[in-house]
Amino acid sequence: MANTLLMPKATAVWLVDNTALSFDQIARFCKLHPLEVKAIADGESAQGIKGLDPINTGQLSREEIAKAEKDPNHQLKLATSKYVVPELRKKGPRYTPVSKRQDRPNAILWLVRNHPELKDAQISRLVGTTKNTIEQIRNRTHWNSANLQPVDPVALGLCSQIDLDFEVQKAAKSRPAPTEDQQGDSLLPASETENLPVDDILTRPSAPKEEEEELDADAVFAKLSSLKGSRSEEEDEDEQ
């Protein structure tokens, strides 16, 4: 991508305030009209715009500014950017390198099996194939169907995980809601079970009678007394 000046008007504001460049030089560099640059210098335009230092952004050097200040006819040149801005991918089939084209059928088979909700156009965008090839793999009429193995296209480098997730989410949104027959049996919501009759509610099994009966204190002490009495009689017999 060719170098492009970032925020031309904000850069023009900074150049007007911090350099001795002519209006024509600033206008040519920022792709503005000289009268617009003059209006910026007079405070009639870009009053709410904060100046952007092109030196800090790496788009202009101090030496280039000093050279242009000495020579009014010198035209400012945009410095080469240290950062490469990737070009936006145009709409259309994804380009697949020749070395990876043999992996596309395996990726298509993986997408068809693991994400049946994806449309043919979405699969074509992900791996860069044709609808005819996708249909052949779906119907197992592809010439190499016997040797195909499903492989994740992300692992093969045919697409990114972000692109795959985007297409899957897009397909999920466009999928129609399942009918009652397709949903099958499910748990009733809480709003329907709150007002059920008592007879319809499953009760817990009754506790054992031994736990329900309350202990009688007199009977317990009587039993302890009898045990103590029998033990004392045994001790007396042993002493005799």
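From the N terminus on, the elements of the chain run α-α-α-α-α-α-α-α-α-α-α-α-α. In total there are 13 helices and 0 strands; helices (H or I, at least four residues) and strands (E, at least two) are DSSP runs, numbered from the N terminus. The model is predicted, so local features need pLDDT of at least 70 and side-chain atom pairs count only at pLDDT 80 or more, while totals for chains, interfaces and linings use all residues. Residues are numbered from 1 along each chain as its sequence is written, and side-chain values use heavy atoms, with hydrogens and water left out.

**The whole chain**

Begin with the full chain of 240 residues, of which 27% count as buried. Buried means under 20% relative accessible area, exposed means over 50%, and partly exposed lies in between (1.4 Å probe, protein chains only). Among contacts with a separation of 6 or more, 62% come from residues 24 or more positions apart; contact means heavy atoms within 4.5 Å.

**Helix α2 and its surroundings**

Select residues 23-30, which form helix α2. Its buried residues are Q25, I26, A27, F29 and C30. Which helices do the buried residues of α2 pack against? They pack against α1 (8-18), α3 (34-41) and α4 (62-70).

Next, show the largest nonpolar core, which has 20 residues. A nonpolar core is a set of buried Ala, Val, Leu, Ile, Met, Phe, Trp, Tyr and Cys residues joined through side-chain atoms within 4.5 Å. L15, I26, F29 and C30 have the most contacts inside this core. The elements that give two or more residues to it are α1, α2, α3 and α4, and α1 gives the most, with 5 residues. In soluble globular proteins, nonpolar side chains tend to be buried together.

Centre the view on C30. Leaving aside neighbours within four places in sequence, C30 is in contact with L5, P8, T11, A12 and L15. Apart from the largest core lies another core, of 19 residues, among them L111, V127, I137 and C159.

**The α1/α3 crossing**

Select α1 and α3 together. Their axes come within 10 Å and cross at roughly 60 degrees. Axes are lines fitted to C-alpha atoms, for helices over the stretch in contact, and angles run from 0 to 180 degrees between N-to-C directions. The angle makes α1 oblique to α3; angles under 35 degrees count as roughly parallel, over 145 as roughly antiparallel, 65 to 115 as roughly perpendicular and the rest as oblique. The crossing of α1 and α3 is right-handed. A crossing is left-handed if the near helix is turned anticlockwise from the far one by less than a right angle, and right-handed if clockwise. At this interface, K9, A12, V13 and V16 in α1 meet E36, V37, I40 and A41 in α3.

**K31, just after α2**

Move to K31, in the loop between α2 and α3. Is K31 buried or exposed? At 72% relative accessibility, K31 counts as exposed. Its phi is near 60 degrees, a positive value in a residue other than glycine. Most residues other than glycine have a negative phi.

**Helices α6 and α7**

Select α6 (residues 120-127) and α7 (residues 131-138). The axes of α6 and α7 come within 9 Å and cross at roughly 110 degrees; the two helices are therefore roughly perpendicular to each other. The crossing of α6 and α7 is right-handed. D120, A121, I123 and S124 in α6 meet K131, I134, E135 and R138 in α7.

Now pick Q122 in α6, which is buried, with a relative accessible area of 5%. What joins the side chains of Q122 and E167? A polar contact of 3.0 Å does so. A polar contact is a pair of N or O atoms within 3.5 Å; within protein, one must be able to donate a hydrogen and the other to accept it, and residues adjacent in sequence count only if both atoms are side-chain atoms. Beyond four places in sequence, Q122 is in contact with E117, E167, K170 and A171.

**R113 and R140**

Finish with R113 in helix α5 (residues 104-114), which counts as exposed at 52% relative accessibility. Not counting residues up to four places away in sequence, R113 touches R140 and P150. R113 and P150 are 37 residues apart in sequence and 8.0 Å apart in space, C-alpha to C-alpha.

R140 is found in the loop between α7 and α8 (153-156). With a relative accessible area of 53%, R140 is exposed. Phi of R140 is near 60 degrees, a positive value in a residue other than glycine.
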